[in-house]
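These are my notebook entries on one structure, kept in the order in which I looked things up. The sequence and the model come before the entries.

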Amino acid sequence: MATARAYTNIALIKYWGKQDPQQMLPYNSSLSLTLDQFYTETKVEFLPKQTNQTADSFVFAGVAQPVSPKITRMLNLIRQAAGWSNFARVETENHVPTSAGLASSASAFAALAAAGAQAAGLQLSPRELSIFARHGSGSACRSIFGGFVVWHAGHDDQSSYAEPLLATVDFPIVVIAVLVDQRPKKVLSSAGMQQSVATSPFYPAWVQTAESGIATMSQAIAAHDIARIGQLAEANAMQMHATTLSAVPPFTYFAPMTLKIWQLVQEFRTKGLSCYITLDAGPNPKLLCAKQDAAAVVKKLQAALPQLQCTICQPGPGVAYRD
Ligand code: 2P0
């Protein structure tokens with residue numbers, strides 16, 4: 001039995017599109033920051049053969065749920081590596097501040113991979129663990145590590161892994177998670193990616209630009225240049241979203257409120273408040289700024305849009321085990 005905790009991450013250079021959906025190999029490398037405000041804690045127990053359990057079981061927030069195919073797939077990978085056939089009992093809890101708007105499969109599959117591997121007695125390196133997590137959800141491979149993390153796209157199972165770029169973030173960058181809408185997204189990210197890959201004429205340009213963005217973003221991180229990190233992240237997010245607007249048929253994750261917030265962020269900048277926006281496969285924006293500006297950004301945002309809930313996140317840690 002083992003329990004692991006993993007934190008979610010926000011991609012500054014995003015993963016958008018699979019070149020091999022079976023192996024979960026992306027077309028482009030991505031770069032993220034692990035956040036400290038939202039995590040998943042998961043306990044895995046492989047049951048002795050003599051128990052009468054005839055399938056895996058899954059309990060989410062104290063309630064028994066059907067075992068999803070993605071969970072089964074992850075448990076099968078672990079069983080295969082351990083040479084076991086025992087069924088597992090998985091218990092998981094998401095720790096989400098009410099105002100986060102950050103629900104993500106990244107922390108869920110990083111925690112499941114870590115707890116499952118430990119419970120099965122596998123001695124995996126962090127890189128091997130990131131490869132396991134990738135099979136649950138692409139972005140989960142980055143949540144194995146804390147701070148700034150790169151997921152190398154690679155060309156096969158073993159070459160597609162995440163590794164830390166800067167594990168201890170020694171400069172004051174923060175991410176403000178803004179909650180616009182808590183409802184589940186209409187186009188799931190895997191379906192959205194597939195549609196961009198298959199139909200957007202901009203998709204090849206996306207892959208090329210994102211891939212070269214890794215080096216530029218790494219330089220901005222090494223220089224502790226928060227404004228440059230923000231500019232590059234905002235540009236990359238809009239390039240990703242351009243592949244949805246240019247898909248056939250077109251679709252978007254922007255809500256009217258998302259656009260409103262983007263306009264406000266641009267206005268803040270003209271008034272000397274340095275702040276940048278990024279957005280994943282949903283309408284809830286994340287704003288990047290320096291820690292000393294975060295309170296002013298939230299205040300100005302809420303002055304314009306009083307109903308908005310904001311959570312200030314700092315860089316978070318990698319996966320950890322709990323007794
Ligand atoms: C990312 N996203 O890099 C990008 C940016 C959404 C937009 O990774 O299909 O849940 O399970 O590999 O990792 C969300 O997609 O997708 C995601 P699958 P995942 O964070």
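What span should the 20 residues of helix α6 have, and how far apart are its end C-alpha atoms? Before answering, I note that this is a predicted model, in which local features need pLDDT of at least 70 and side-chain atom pairs count only at pLDDT 80 or more, while totals for chains, interfaces and linings use all residues. Residues are numbered from 1 along each chain as its sequence is written.

**Helix α6.** I took helices (H or I, at least four residues) and strands (E, at least two) as DSSP runs, numbered from the N terminus. The expected span of a helix is 1.5 Å times one less than its number of residues, so α6 (residues 226-245) should span 28 Å, and its end C-alpha atoms are indeed 28 Å apart. I then looked up burial, where a residue is buried if 20 or more other C-beta atoms, placed from the backbone, lie within 10 Å of its own, exposed if 12 or fewer, and partly exposed in between. The buried residues of α6 include I226, I229, G230, A233, A237, M240, H241 and T244. An α-helix has 3.6 residues a turn, so residues three or four places apart point the same way. The buried residues of α6 pack against β1 (2-13), β10 (173-179), α4 (189-199), α5 (203-222), β11 (275-278) and β12 (286-290), with contact meaning C-beta atoms, placed from the backbone, within 7 Å.

**Domains.** For the protein chain I found domain 1 (2-170) and domain 2 (173-313), bounds that come from an automatic or database domain assignment. Their C-alpha centres lie 24 Å apart, and 25 residues of domain 1 are in contact with 33 residues of domain 2. On the domain 1 side, β1, β4 (30-46), β8 (148-151) and β9 (162-166) each supply at least two residues, and the largest share, five residues, comes from β4. By class, I find 16 nonpolar, six polar and three charged residues on that side, counting Ala, Val, Leu, Ile, Met, Phe, Trp, Tyr, Cys and Pro as nonpolar, Asp, Glu, Lys and Arg as charged, and the others, Gly among them, as polar.

**Ligand.** Where does the ligand lie with respect to the two domains? Both domains give residues to the shell around the ligand, so the ligand lies between them. I find 14 residues surrounding the ligand, the closest being A11, S137, G138, S139 and S190, where a residue is near if its C-beta atom, placed from the backbone, lies within 6 Å. The shell has five nonpolar, seven polar and two charged residues.

**Core.** A nonpolar core is a set of buried Ala, Val, Leu, Ile, Met, Phe, Trp, Tyr and Cys residues joined through C-beta atoms within 7 Å. The largest one has 91 residues, of which A110, A113, A114 and L287 touch the most other members. Helix α2 (residues 105-119) gives the most to this core, 11 residues. Leaving aside neighbours within four places in sequence, I find A114 in contact with A4, A6, L129 and V319.

**Backbone.** Most residues other than glycine have a negative phi, and most peptide bonds are trans. The peptide bond from V248 to P249 is cis, with omega near -5 degrees, and P249 lies in the loop between α6 and α7 (256-270). A61, in the loop between β5 (57-60) and β6 (63-65), has a positive phi near 50 degrees and counts as exposed because it has 9 C-beta neighbours inside 10 Å.

Note on methods
Contact = placed C-beta atoms within 7 Å.
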